[in-house]
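User: I have a structure to look at and would like to go through its pockets and one of its strands. Please take the questions one at a time.

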Amino acid sequence: MQILLASAKMMTEKIQRHLTLTPPQFHKESQAFARDMAEYDEGTLAEMLHCSRAIAAQCKARYQRMVSGDAPMLPAVLAYCGQAYKHLRAAELTDDDLQWANQHLWHTSFLYGLLRPLCGISPYRLEGNLSLPSAGGDTVSGFWRSRLTDVLIKAVKADDGVLVHLATEEFQHLFDWRRVCREVDVIQPLFYVRQGASLKIQAVWAKTCRGAMARFIIQNCLCRVEDLNAFAYEGFAFRPDLGERAFPHFVRE
């Protein structure tokens, strides 16, 4: 079982735990994008990244440090600190958990493409719809699509052929997603909150549960799709009467 988890815009620069790191598979490509981003001024970066000037200034400084080689290197699984990662709680995972995760968990990234948890990365901010010089006239997502699709499919097939899709929809654009769904068994859990007579997907709860489910899979070394049904968190529980095998439903009543 392979797991796909989205990266997060919120990142830390603090090393929470010393781990043996490996270089990202697409280090050269990420460095090219970093050089591109370091050339833009703060105002342009603020427009490109839809952020404040203060955040843009931080982004520029981070990219400049990457280019100079002075940026801190952190394990990917600890570098991100968005909502999903708050509930993945990777800092509390054991060394054995992290070693298992390093063989089964993928982080999607607009800068780095695909990452394993123990890949060493630097804090950054990037959007998939940007067209950068190093993308050769394509968007960032388009640049990655031809490079990542085979990598992901090969990894899933080398395991048991099952991919648990816990990333957000925007990261599907990094892949030829129709081909991924044709060639491997994609399981996409859906998390609903009951509101009166209706069931709604709420972004914060969905991210919370994606991180918590990734942790559940890692801690229990799950290898069967049916074992996902035992997941329960913050009132969410599996509803066998809803959804289908490819889209198991978990509901918070």
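User: Which residues lie nearest the centre of the largest pocket?

Analyst: The model is a predicted one. In it, 21 residues line the largest pocket. Those nearest its centre are Ser7, Ala8, Lys9, Glu170 and Lys207.

User: What is the volume of the largest pocket?

Analyst: A probe the size of a water molecule, rolled over the atoms, shows where space is left empty. For the largest pocket, the volume comes to about 380 Å³.

User: Which element gives the largest share of the lining of the largest pocket?

Analyst: At least two lining residues come from each of β1, α5 (83-88) and α9 (203-220). The largest share is three residues, and the element that supplies them is α5.

User: How many residues of the lining of the largest pocket are charged?

Analyst: The lining divides into three classes. Eleven of its residues are nonpolar and four are polar. The charged residues number six.

User: Which helices each supply at least two residues of the lining of the second largest pocket?

Analyst: The second largest pocket has a volume of about 150 Å³. Its lining includes Val77, Leu78, Tyr85 and Lys86. Val77 and Leu78 fall in the range 76-79 of α4, while Tyr85 and Lys86 fall in the range 83-88 of α5. The helices asked for are α4 and α5.

User: How many residues of the lining of the second largest pocket are nonpolar?

Analyst: Among the residues of this lining are Thr12, Gln16, Cys81 and Arg89. Sorted by class, the lining has two charged and three polar residues. The nonpolar ones number seven.

User: Are the residues on the two faces of β6 buried or exposed?

Analyst: Residues count as buried when their relative accessible area is under 20%. On one side of β6 are Val162, Val164 and Leu166, and on the other are Leu163 and His165. Five of the five residues in this strand, 162-166, meet the cut-off. Both faces are covered, and their residues are buried.

User: Which residue of β6 is the bridge partner of Leu5?

Analyst: Strand β1 (residues 2-6) runs parallel to β6, and four bridges join them. In β6, the partner of Leu5 is Leu166.

User: What is the handedness of the crossover from β6 to β7?

Analyst: Three bridges pair β6 with β7 (residues 185-187) in the parallel sense. One of the bridge partners is Asp185 in β7, which is matched with Val162. Between these strands the chain passes through helix α8 (residues 177-183), and this β-α-β crossover is right-handed.

Definitions and conventions
Residues are numbered from 1 along each chain as its sequence is written. This is a predicted model: local features need pLDDT of at least 70, side-chain atom pairs count only at pLDDT 80 or more; totals for chains, interfaces and linings use all residues. Side-chain values use heavy atoms; hydrogens and water are left out. Buried means under 20% relative accessible area, exposed over 50%, partly exposed in between (1.4 Å probe, protein chains only). Two strands pair if DSSP finds at least two bridges between them. A crossover is right-handed if, with the strands pointing away from the viewer, the path from the first strand over the helix to the second runs clockwise. On a 1 Å grid over the protein atoms alone, a cavity is a set of points where a 1.4 Å probe fits but cannot get out, and a pocket is an open set with protein on both sides within 12 Å along at least five of seven lines; lining residues have an atom within 4 Å of a point. Grid points are joined across faces, edges and corners, and a volume is the space filled by probe spheres set on the points. Ala, Val, Leu, Ile, Met, Phe, Trp, Tyr, Cys and Pro count as nonpolar, Asp, Glu, Lys and Arg as charged, and the others, Gly among them, as polar.
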